[in-house]
Amino acid sequence: MGHGDECAPTLLDAASKAAASNTNTGAPPPEAFRHCQEGGSIGALPSWYCRAAGGNSTKASGPQGDQLQLEATSESCWQLWQAVRAKRPLVHCITNFVSMDIMANVLLAAGCSPAMAHSLDEVESFVTISSALLVNMGTLSSDWVAAKKLAAKKAVELGKPWVLDPVGCGATPVRTASCLDLLACRPTVVRGNASEVLALAGAAGSSGVKGVDSTAASGDAVEAAKSLASKHGCVVAVSGEVDYVTDGQALVAVRNGSPLLTLITAAGCSLTALIAAFLVVAPGQPLMATSHALAVFGLAAEEGLQLAPRPGPGSLRVALLDCLHLMERAAVVEGARIEVVS
Ligand SMILES: Nc1ncnc2c1ncn2[C@@H]1O[C@H](COP(=O)(O)OP(=O)(O)OP(=O)(O)O)[C@@H](O)[C@H]1O
Ligand SMILES: Cc1ncsc1CCO
């Protein structure tokens, strides 16, 4: 079956539907949110929790709300994160076995609602009730790939953002072919490490992938990312020491993070799920939404390292979650390093 046949709706269809619908979970807010909305206070919760629930400092986006006009600033980053926390979007994740736990916890800590669901029988219904979809190619098998294509097709049909994480693209022929199949299903954003992005773009000399780990620097994949983005009408993010984000024309650099993140398995996978959540509150602005999500994640790792009892991957894994949950405005405004390169 041809790729185009599987994912027929055009990007324009998707964009106009996204602007018109932006459907959401419909689920009641969690207990803590209800309590805040009713004017209560909960000792163990950070202050952003109640602010987000009250919505007094955040212009949530969507058809009814004022949409934030995102800029490459740390203030903009904070505002968008607050919009995420206020909306608490349901993010449908079809991900690998390794990442499920940390991904769900990252989403929860950052203020989102995760759901992991991969059954072929169920994915379309799950996309329908979710605000965004994450498709990760980590521990793939043919029935899962079929479910991923079905889910991606449904997301495009409903105008919902979806993000592709081409884990290990280039490692085996089957994996590369499956990633290319999903790429043909019109993701809003693709996020990979440098080796994965090079392989996805079919770039010369892209045989450097080592399983799911990168052997290249993010800067080496910038041109490949640009050409992928232009060709497929999506935003492409390359993670690494510096994260680069492009829509094929503009290039944004994000300089947050820690090398220790590469020693926490599925850190990148979880980051990609966070990007999906940020897209929900910034319809039509995937470049900035992605950059802001990258900054938030990297910043939480930086802060986590300050707080971790020992500066190792195990402690950081825990501290990262705490920081995502507890981080306040000052840390984001002072720490997010987002720059428009061109
Ligand atoms: N050298 C580095 N310095 C700072 N941050 C880094 C460095 N390398 C990676 N990161 C950060 O680590 C996070 C994950 O990126 P990475 O490129 O390691 O993903 P990945 O290889 O897809 O991960 P995984 O497959 O384990 O999910 C990103 O937030 C990125 O900014
Ligand atoms: C280690 C590993 N293997 C398949 S997926 C995954 C998680 C990091 O990408």
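Helices, of at least four residues, and strands, of at least two, are DSSP runs numbered from the N terminus. The exercises below use a predicted model.

**Exercise 1. The whole chain**

Task: State how many helices and strands there are in the protein, and what percentage of its residues count as buried.

Solution.
Step 1. Counting the runs gives 15 helices and 9 strands.
Step 2. A residue is buried if its relative accessible area is under 20%. By that cut-off, 54% of the 342 residues are buried.
Step 3. Now take the contacts between residues at least 6 apart in sequence: 71% of them join residues at least 24 apart.

**Exercise 2. Two helices that meet**

Task: Describe how helix H13 and helix H14 cross, and name the residues that meet.

Solution.
Step 1. Two packed helices are described by the angle between their axes and the distance between the axes.
Step 2. H13 covers residues 286-307 and H14 covers residues 313-326. Their axes come within 8 Å and cross at roughly 120 degrees.
Step 3. The crossing of H13 past H14 is right-handed.
Step 4. On the H13 side, the residues in contact are Val296, Phe297, Ala300, Ala301, Glu303, Gly304, Leu305 and Leu307. On the H14 side they are Leu316, Ala319, Leu320, Cys323 and Leu324.
Step 5. Sorted by class, this contact has 11 nonpolar residues, 1 polar and 1 charged.

**Exercise 3. Aromatic pairs**

Task: Find how many aromatic pairs there are, and classify the pair of Trp78 and Trp81 and the pair of Phe97 and Trp144.

Solution.
Step 1. Two rings pair if their centres lie within 6.5 Å. The count by this rule is 2 aromatic pairs.
Step 2. The rings of Trp78 and Trp81 are 6.5 Å apart, centre to centre, with 80 degrees between the planes. Planes over 60 degrees apart count as edge-to-face, and this pair is edge-to-face.
Step 3. Trp78 and Trp81 are both in helix H5 (residues 74-87); because they are 3 residues apart, about one helical turn separates them.
Step 4. Trp78 is buried because its relative accessibility is 2%. Trp81 is buried as well, at 0%.
Step 5. For Phe97 and Trp144 the centres are 5.2 Å apart and the planes make 55 degrees, so the pair is neither stacked nor edge-to-face but tilted.
Step 6. This pair links distant parts of the chain, its members being 47 residues apart. Phe97 is in the loop between strand E1 (90-94) and helix H6 (100-110), while Trp144 is in helix H8 (residues 142-158).
Step 7. Phe97 has a relative accessible area of 55%, so Phe97 is exposed. Trp144 has 8%, so Trp144 is buried.
Step 8. Trp81 has a further partner: the charged end of Arg85 sits over the Trp81 ring, 3.7 Å from the ring centre.

**Exercise 4. Positive phi**

Task: Say where Arg88 and Arg186 lie, and what the phi of each is.

Solution.
Step 1. Most residues other than glycine have a negative phi.
Step 2. Arg88 is not a glycine, yet has a positive phi of about 50 degrees. Arg88 lies in the loop between H5 and E1, and is buried at 14% relative accessible area.
Step 3. Arg186 also has a positive phi, about 60 degrees, without being a glycine. Arg186 lies in the loop between helix H9 (173-183) and strand E5 (189-193), and is partly exposed at 30% relative accessibility.
Step 4. A glycine can be set beside them: Gly111, which follows H6, has a positive phi near 105 degrees.

**Exercise 5. Two surroundings**

Task: For Asp165 and Ser230, decide whether each is buried or partly exposed, and list the contacts, leaving out residues up to four places away in sequence.

Solution.
Step 1. Asp165 is in strand E4 (residues 162-165). Its relative accessibility is 0%, so Asp165 is buried.
Step 2. Asp165 is in contact with Val135, Asn136, Met137, Arg191, Glu196, Gly268, Cys269 and Thr272.
Step 3. Ser230 is in helix H11 (residues 222-232). At 48% relative accessibility, Ser230 is partly exposed.
Step 4. Ser230 touches Asp247 and Gly248.

Conventions: Residues numbered from 1 in each chain as written. Chains lettered and ligands numbered in written order. Predicted model: local features only at pLDDT ≥ 70, side-chain atom pairs only at ≥ 80, totals over all residues. Heavy atoms only, no water. Axes fitted to C-alpha atoms, helices over the stretch in contact; angles between N-to-C directions. Left-handed = near helix turned anticlockwise from the far one by under 90°. Contact = heavy atoms within 4.5 Å. Nonpolar A, V, L, I, M, F, W, Y, C, P; charged D, E, K, R; others polar. Phe/Tyr/Trp six-rings, centres within 6.5 Å; stacked < 30°, edge-to-face > 60°. Buried < 20%, exposed > 50% of the residue type's maximum accessible area, 1.4 Å probe, protein only. Lys NZ or Arg CZ within 6 Å of the ring centre and 35° of its normal.
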